[in-house]
Amino acid sequence: MKAREVNFDGLVGLTHHYAGLSFGNEASTKHRFQLSNPRLAAKQGLLKMKALADAGFPQAVIPPQERPNVAVLRQLGFSGSDEQVVEKAGSQAPQLLSAASSASSMWVANAATVAPSADTLDGKVHLTVANLNNKFHRATEAVATERLLRAIFPSETHFCVHEALPQVGMFGDEGAANHNRLGGDYGEPGTQLFIYGRDEFARHAPSHYPARQTLAASQAVARLNQVNPGQLLFARQNPAVIDQGVFHNDVIAVSNRQVLFCHEHAFVEQASLLACLHERVAGFMPLEVPESAVTVKEVVESYLFNSQLLSRDDGSMMLVLPQECRENERVWRYLNQLLQEDNPISELRVFDLRESMANGGGPACLRLRVVLTPEEMCAVNPAVMMNDTLFNRLNDWVDRYYRDRLTQADLVDPQLLREGREALEALSAILQLGPVYPFQR
């Protein structure tokens, strides 16, 4: 068997709520303080995972982190029992409690940057945890992410999980959301394309919204992941589109094997970048969407490029899209025209992910792509692989523990903390993770 790409999807956590914590993410800001449905959010994600697994695409699960994050609230000066810490934060600084309760770890495209063994100098799969230091509510994820990834990829013979880069702005790292890999078969060496929005030394930056990924971080991640230098390429995201709400590259581009599907305004000096990729990648096929067909504003509203581009065994590809793409007349018209053209995309698959979308995360945000050989696949914790049994167990688990409505005011409820811990205790047993959560230690 050849190497295959496995999608590890984040499972939405019990404290999924809309707090507008992510400046630069227009969906997050737009839906601030609206009523969320954590149970529906988790089930929408599980349905996508199961449907793709049933369609023959290897699929796995990454569990949520413990929230509220009591440890970080203690760092901020709240004291007493865990319940008292949450109560004091809720009454004195509700926005801090909201940040410490964020379920944003579900967007595991930001969990790490992955280099498959075909691209690395030591022949191992490398994963460097993202520090996410542009946003407080996300910067608190790194330690728990590392612990979870080590439980999922436990074999030191096959995998190397690196801790996050230093928590300073110069090394702002947002993970795989700003990383592409292009090439032929998954098991062959590929070209790793790192996208950055800011260069500290050249003072490159947009003017309105922050550029979260830095060139220094991308270079450091490439070194840690031991990527063969001859397979590296760095490109800058267009600052004008960042200022229009394209906070990560995966909001305006998605790649798979030889195909790069992107907007015509995605990158600085885009023509030169595509010419370089033509030289590096055999059979390279750019699919550039012109502004005249779909504007950047429509891209941000529909999350056209925050999609999954998945390969079938016959070489054709399926494009996995959020429901919002079908509801946008111009986007849907373009996509159906794309199906008629000479390219590998032969099917559009639409999913309702409204709970995640309202917080600014589409299909691509919810998954971390990991290319694995058959031997490496056997070394992954088998309990996280999606199948009929796991799907049913996780749905039953969600039904038992998740609330069907949540507001920011509900976060102060001590019962929510207790519910979360009981749920994660059960989940760690289902996924055979061991004692990965703070309350278990």
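The legends below describe four close-up views of a predicted model.

**View 1. A nonpolar patch on the surface that includes Phe136.** Leu76, Leu96 and Phe136 make up this patch, and together they present about 230 Å² of accessible area. Phenylalanine 136 belongs to helix H6, which covers residues 136-139, and with a relative accessible area of 37% this residue counts as partly exposed, because that class lies between the limits of 20% and 50%.

**View 2. The cis peptide bond between arginine 67 and proline 68.** The bond that joins these two residues has an omega of about 0°, whereas most peptide bonds are trans. Proline 68 is placed in the loop that runs between strand S2 (59-62) and helix H3 (70-75).

**View 3. Leucine 132, a residue other than glycine with a positive phi.** The phi of leucine 132 is near 50°, and the residue sits in the loop between strand S4 (125-129) and H6, the helix in which phenylalanine 136 of the first view is found. Leucine 132 has a relative accessible area of 2% and is therefore buried, since the limit for that class is under 20%.

**View 4. Glutamine 432, in the segment after helix H17.** Although glutamine 432 is not a glycine, its phi is positive, at about 55°; most residues other than glycine have a negative phi. Helix H17 spans 414-430, and glutamine 432 lies in the segment that comes after this helix. With a relative accessible area of 55%, glutamine 432 is exposed, because the class requires over 50%.

Methods
Residues numbered from 1 in each chain as written. Predicted model: local features only at pLDDT ≥ 70, side-chain atom pairs only at ≥ 80, totals over all residues. Heavy atoms only, no water. Patch = residues over 30% accessible without salt bridge, like charges linked within 9 Å, V, L, I, M, F, W, Y side chains within 5 Å. Areas by Shrake-Rupley, 256 points an atom, 1.4 Å probe, with all protein chains shown as cover. Salt bridge = Lys/Arg side-chain N within 4 Å of Asp/Glu carboxyl O. Helix = DSSP H or I, 4+ residues; strand = E, 2+ residues; numbered from the N terminus. Buried < 20%, exposed > 50% of the residue type's maximum accessible area, 1.4 Å probe, protein only.
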